[in-house]
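Work through the exercises below with the structure in view. Try each task before you read its solution.

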Amino acid sequence: MTEAGTIQTPRTMRASVLVRPGTVEVQDVQVPVLNSHQVLVKISAVGVCGSDTHFFQEGHIGDMVVKEPLILGHESAGTIVAVGADVPADRIGERVSIEPQKPCRVCEYCKSGQYNLCPQIEFYAAPPIHGAFAEYAAIEADFAYPVPDHVSDEAAALMEPLSVAIATCRKAAVRPGARVLIAGAGPIGVLVAKVAGIYGAAEIVVSDPAPHRREFAVEAGATRAVDPMSGEPATAGPLFDVFVDASGAPAAIQAGIRAVKPGGRVVLVGMGADDVMLPVSLIQNREIELTGIFRYTNTWPMAINLVASGLVDLDSLVTHRFGLDNVEKALLTGSTDPHAIKSVILP
Ligand SMILES: NC(=O)c1ccc[n+]([C@@H]2O[C@H](COP(=O)([O-])OP(=O)(O)OC[C@H]3O[C@@H](n4cnc5c(N)ncnc54)[C@H](O)[C@@H]3O)[C@@H](O)[C@H]2O)c1
Ligand SMILES: [Zn+2]
Ligand SMILES: [Zn+2]
């Protein structure tokens, strides 16, 4: 309820609101009211994610159901324009990248550092929590990370998918010299390839049926890109230390697991079918460690350093830009333009 240090901010803002599956509308809505340890961010750029498109088209993801009008968008950045009473006023004017989650900070998961697993977590654009396809968004002060001036607004927004890639490579324990197989060359698969290279992977093979996505993966640092439909096995040659699924395709998950060497690791990032048949005896005989990934924890400082130092180029992911009035087009570019990689909303 506090407005300490507020520059003049309006009471209402324009936001793109999902009013029912298949319909987004620009509406005037209330600017979020800050609690004492939050900041208000004037949004400069927001990436469009497959999950936004899924909520738009289906109205739910698994048991997360959109029951009331919802502002989508969780890959966001902007400038702090107001702070809560407990936040230093000199943060006003800072350009920040938003880690779009609010854990409870006191449960066993939060206390052990696995705050992504907090049962009370609030995450942007996961109903009923509003996201950032809007002029302003509120976030806990310590989840608004300053970015250097030379990092663009769009790159600052895309720290979010980069964070998924960092969390994945950490969990996969990618080591110098490792051989890594990745299924799916969307933004996530390509960023996993990039980060795996930075972690020292010597061979990074990416599979994707889409030719331009394979090209993009190689430009981004994959050592080889293969078409899983061509009959050319991604898995020819020695087995891999790590397999990451960033496709959600059951066939890719099954083939990938078979390509992992004894003692290797499998990380499932892609969200597709809820249930997939697994080669159980192979997993047993090879003692393969298989796990999933759910977003991220403590990745923003590394993501910002990777981008600020030039090790990761997030700007090259952006293929389309839209204003708040064209969110529907932005949500559908994945299906309307085969060359689309990442669309960004500039509110
Ligand atoms: N676990 C998490 O926290 C988390 C976070 C973000 C995204 N995701 C998920 O990660 C996945 C990737 O995200 P994205 O933004 O890159 O999505 P995307 O849809 O842009 O990319 C998926 C890619 O997989 C490819 N593909 C389809 N079938 C394939 C197959 N059989 N073999 C190899 N590739 C195949 C597609 O052509 C596409 O290029 C999505 O399922 C997304 O929902 C998960
Ligand atoms: Zn996302
Ligand atoms: Zn918690």
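## Exercises on a predicted model

A nitrogen atom of ligand 1 sits 3.4 Å from a polar backbone atom of S207. Keep in mind that this is a predicted model.

**Exercise 1. Find which backbone atoms lie close to oxygen atoms of ligand 1, and state how much of the ligand the protein covers.**

Step 1. Start at M271. A polar backbone atom of M271 is 2.8 Å from an oxygen atom of ligand 1.

Step 2. Go to I188. Its backbone N or O atom lies 3.0 Å from an oxygen atom of ligand 1.

Step 3. Apply the cut-off. A polar contact is a pair of N or O atoms within 3.5 Å. The distances for M271 and I188 both meet it.

Step 4. Turn to cover. On its own, ligand 1 has 860 Å² of accessible area, and the protein covers 79% of this.

**Exercise 2. Describe the shell of residues around ligand 1.**

Step 1. Count the residues. There are 21 around ligand 1.

Step 2. Pick out those that come nearest. They are D208, R213, M271, I293 and R295.

Step 3. Sort the shell by class. It holds 13 nonpolar, five polar and three charged residues.

**Exercise 3. Describe how helix 4 packs with helix 9 and with helix 5.**

Step 1. Recall what is needed. Two packed helices are described by the angle between their axes and the distance between the axes.

Step 2. Take the pair of helix 4 (residues 159-172) and helix 9 (residues 300-308). Their angle is about 110°, and their axes are 9 Å apart.

Step 3. Classify this angle. Angles of 65 to 115 degrees count as roughly perpendicular. Helix 4 and helix 9 are therefore roughly perpendicular to each other. Their crossing is right-handed.

Step 4. Take helix 4 with helix 5 (residues 187-198). Here the angle is about 55°, with the axes 8 Å apart.

Step 5. Classify again. Helix 4 and helix 5 are therefore oblique to each other. The crossing of helix 4 and helix 5 is right-handed.

**Exercise 4. Locate a cis peptide bond and a positive phi at a residue that is not a glycine.**

Step 1. Recall the background. Most residues other than glycine have a negative phi, and most peptide bonds are trans.

Step 2. Look at P127 and P128. A cis peptide bond joins them, with omega of about 5°. P128 is in the loop between strand 10 (122-123) and strand 11 (136-140).

Step 3. Look at R105. Its phi is positive, about 75°, although R105 is not a glycine. The loop between strand 9 (101-102) and helix 2 (108-111) holds R105.

Key
Residues numbered from 1 in each chain as written. Chains lettered and ligands numbered in written order. Predicted model: local features only at pLDDT ≥ 70, side-chain atom pairs only at ≥ 80, totals over all residues. Heavy atoms only, no water. Near = heavy atom within 4 Å. Polar contact = N/O pair within 3.5 Å; in protein donor to acceptor, adjacent residues only side chain to side chain. Areas by Shrake-Rupley, 256 points an atom, 1.4 Å probe, with all protein chains shown as cover. Nonpolar A, V, L, I, M, F, W, Y, C, P; charged D, E, K, R; others polar. Axes fitted to C-alpha atoms, helices over the stretch in contact; angles between N-to-C directions. Helix = DSSP H or I, 4+ residues; strand = E, 2+ residues; numbered from the N terminus. Parallel < 35°, antiparallel > 145°, perpendicular 65-115°, else oblique. Left-handed = near helix turned anticlockwise from the far one by under 90°.
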